[in-house]
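Q: Please examine the nonpolar interior of this protein closely. I would like a connected account of its residues and of the strand positions beside them.

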Amino acid sequence: MERVVKMYKVLLVEDEEMIMKSMQFLVNWTELSCVICGCAHNGREGIQQIHALHPDIVVTDIRMPYADGLKMLEETKSQCDYETVIMSGYEEFDYAQKAIRLGVSDYLLKIGRAH
């Protein structure tokens, strides 16, 4: 009997193109039982993609144009069920506190960014 492995759908939300490409191509998503189902370049696009694609995991930046990552989570978490990983270049404790209140699974700092 063949074992079926569930592939988790991942939505990437990042406004910096180089970081977006790095997340897409440097992470071995298949090895993590994941597949990228979509990409968004700002919070507004992220909200639309979450509703359209129903991802299992959303990896997002915080500071982005139109709607930041936290606002995107506020607007979608009550309607859509997904896990969240925030990647940010900002160490402000307020961001981490709000992310925790929104049920974020992990908060990762981008390395090498000016704070």
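A: The account below begins with the nonpolar cores and then turns to two strand residues.

The model is predicted. Its largest nonpolar core comprises 17 residues. Those with the most contacts inside this core are Val13, Ile50, Val58, Leu70, Met72, Leu73 and Ile86. Two or more residues come from each of strand 1 (8-13), helix 2 (43-53) and helix 3 (69-76). Helix 3 makes the greatest contribution, with 3 residues. Apart from residues up to four places away in sequence, Ile50 touches Leu11, Pro55, Val58, Met72, Thr76, Cys80 and Tyr82. A second core, separate from the one above, has 10 residues, among them Val10, Leu12, Met20 and Met23.

Thr60 belongs to strand 3, which spans residues 57-60. Because its relative accessibility is 1%, Thr60 counts as buried, the limit for that class being under 20%. Beyond its neighbours within four places in sequence, Thr60 contacts Val13, Met72 and Ile86, together with Gly69, Thr84, Val85 and Met87. Val13, Met72 and Ile86 are also listed among the residues with the most contacts inside the largest core.

Lys9 is located in strand 1. With a relative accessible area of 30%, Lys9 is partly exposed. Its contacts, leaving aside neighbours within four places in sequence, are Val35, Cys37, Leu53, His54, Pro55, Asp56 and Ile57. Of these partners, Cys37 lies 28 residues from Lys9 along the chain, and the C-alpha atoms of Lys9 and Cys37 are 5.5 Å apart. Pro55, another contact of Lys9, is touched by Ile50 as well.

Terms used
Residues are numbered from 1 along each chain as its sequence is written. This is a predicted model: local features need pLDDT of at least 70, side-chain atom pairs count only at pLDDT 80 or more; totals for chains, interfaces and linings use all residues. Side-chain values use heavy atoms; hydrogens and water are left out. Helices (H or I, at least four residues) and strands (E, at least two) are DSSP runs, numbered from the N terminus. Buried means under 20% relative accessible area, exposed over 50%, partly exposed in between (1.4 Å probe, protein chains only). Contact means heavy atoms within 4.5 Å. A nonpolar core is a set of buried Ala, Val, Leu, Ile, Met, Phe, Trp, Tyr and Cys residues joined through side-chain atoms within 4.5 Å.
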